[in-house]
Amino acid sequence: MLKRHVAIIGGGISGLEAARVLSKSGHEITIFDAGEKLGGHVAQWDLLFPNMRKSSEILTALLNQLPKSIHILSKTTIKNIERFNGYYVIHSDRVENVLADAVLFAGGFDTFDAQRKEEYGYGIYDNVITSIELENKIKDHRFITAQGTKPKRVAMIHCVGSRDEKVCNNYCSRVCCVTAVKQAIEIKKTSPETEVFCFYMDLRMFGRHFEELYREAQEKYGIQFIRGRLSEASEAQDKTIIVKAEDTLLGKPLKMNVDLMVLMVGMELSKALVPLVEKMQLEVGDDRFIMPLDEQLYPNQTKKEGVFVAGTCTGPKNIPETLNDARSAAVSIMSYFDQLSNKN
Amino acid sequence: MSKFGFTILKDQQLDYDNLSRDLALHIQKTEPSISSCMSCGSCAGSCSASRFTQFSFRKLVINIQRGNDKQIVNEIQKCMLCGKCMLVCPRGVNTRNVIYQLRKVLNEKKHHEV
């Protein structure tokens, strides 16, 4: 078998897993990553749904399985990718260009910028935070309001930047529902006297053990679920947040003062990837994520020969789905190499 | 008649064998965005009329779709057409035009009946 070179864009979990599978089959790998450390979003996270496992365990396992022969270019921005003599030339802010037989886009997602939902007051009111910030607060044992007090009441707002035509994101980001349930449970574990309310439109507990986690949140932790989307939020004089919505199951408008309002931000295609996607003329969907060649049959191929996709750059996914997608992409790349060898 | 201390209760069950789709189809034609409603209640939560009346745009949409015409006539009078619901709707439903179209068609109907 001919040893080939794959350039992987993105050192998050999908890039790492694809790198592991490909290098195991003897291919040479270069991972490009914009950050200082590998691991992408998973490296920023504390506990994972549905089993409350430490995300660092996953990351350590993935990193430990990587052979030393892999080239890792961190803190690197790719400027352009060109087709040349059947190869791809990757121009980055490094001196040397990289020559590759195939390119794998594993550039992942960015979380939705909550300031774009101005009526929710993120960046305006101190006690409106995102799910990312809540994760860090709990991780650092600093579950407090901006005024340093312990929150007595917390509202978790689902679907921020998802299912919302006003921000041009009609799609569901999928993982936010179960993340809200997970974080609500963590709040109750950290501070049992805190009341937690989840404001949802539909609870999409799609994965294995997600529904059970939701049930645990109800039965064991007394978390309350209110079916209604946040209409508006304002700040009271004492810096608490006044939430307004409709309790749709009762059919009446409601108001509620909370000490902390958490916005469950959704996923968008990584902004760093957008210029590359445009330069390479990859097709994107109306959700602005990359379109594979065929959503059912060829989910990791693109219209460009030798260009592959894995992970959340083709739409919101959870960790197991992302890892499976990365393995599937690795297999696609290997069969592409077989085809190349048979041609010659 | 002797009083036994109980009465026969009215049947509360909705009879969906006799759904009328006429009004729903008419509104869908004049304001197609009504089909996008997912009953999230953003409209009713922001509504300046809903605090003091029973008005809920979300319920109104369901009533239109189920053909409960009788309830709709009274409901639409409560709306002040301020349009706040249009600003918050995540599905981009033109709520104000739905009310306007309803008033138009239901008022015409009234005139015909007179």
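Which residue of β18(A) stands opposite I157(A)? In this predicted model, the residue opposite I157(A) is L263(A). The pair belongs to two strands of chain A, β12(A) and β18(A), which run parallel and are joined by 5 bridges. Strand β18(A) covers residues 260-265.

Strand β12(A) itself spans residues 153-160. Is this strand mostly covered or mostly open? It is mostly covered, with 7 of its 8 residues buried. Besides β18(A), β12(A) pairs with β13(A), the strand at residues 195-200. That pairing is also parallel. It extends over 5 bridges. Within it, A155(A) has F197(A) of β13(A) as its bridge partner. In a regular strand, side chains alternate between the two faces of the sheet.

A helix belongs to the same part of the description. Helix α4 of chain A occupies residues 175-190. Together with β12(A) and β13(A), α4 makes a β-α-β unit. The unit is right-handed. Strand β12(A) thus takes part in a β-α-β unit with β13(A) and in a parallel pairing with β18(A).

At the level of the whole chain, chain A divides into two domains. Domain 1 is made of two segments, 5-108 and 270-343. Domain 2 covers 114-267. The centres of the two domains, taken over C-alpha atoms, are separated by 32 Å. The contact between them draws 10 residues from domain 1 of chain A and 17 residues from domain 2 of chain A. On the domain 1 side, the touching residues comprise 5 nonpolar, 3 polar and 2 charged.

Chain B is built from other elements. It has 6 helices and 0 strands. From the N terminus on, its elements run α-α-α-α-α-α. How does the radius of gyration of chain B stand against that of a compact globule of 114 residues, and what is its value? Chain B has 17 Å, whereas such a globule would have a value near 13 Å. Along the principal axes, the C-alpha atoms of chain B fill a box of roughly 60 × 35 × 25 Å.

Burial and contacts complete the account of chain B. Of its 114 residues, 29% count as buried. Contacts were also sorted by separation in sequence. Among those in chain B between residues at least 6 apart, 65% join residues at least 24 apart.

Note on methods: Residues numbered from 1 in each chain as written. Chains lettered and ligands numbered in written order. Predicted model: local features only at pLDDT ≥ 70, side-chain atom pairs only at ≥ 80, totals over all residues. Domains from an automatic or database assignment. Contact = placed C-beta atoms within 7 Å. Nonpolar A, V, L, I, M, F, W, Y, C, P; charged D, E, K, R; others polar. Buried ≥ 20, exposed ≤ 12 C-beta atoms within 10 Å, placed from the backbone. Helix = DSSP H or I, 4+ residues; strand = E, 2+ residues; numbered from the N terminus. Pairing = 2+ DSSP bridges. Right-handed = clockwise from strand over helix to strand, strands pointing away. Rg over C-alpha atoms; globule rule 2.2 N^0.38 Å.
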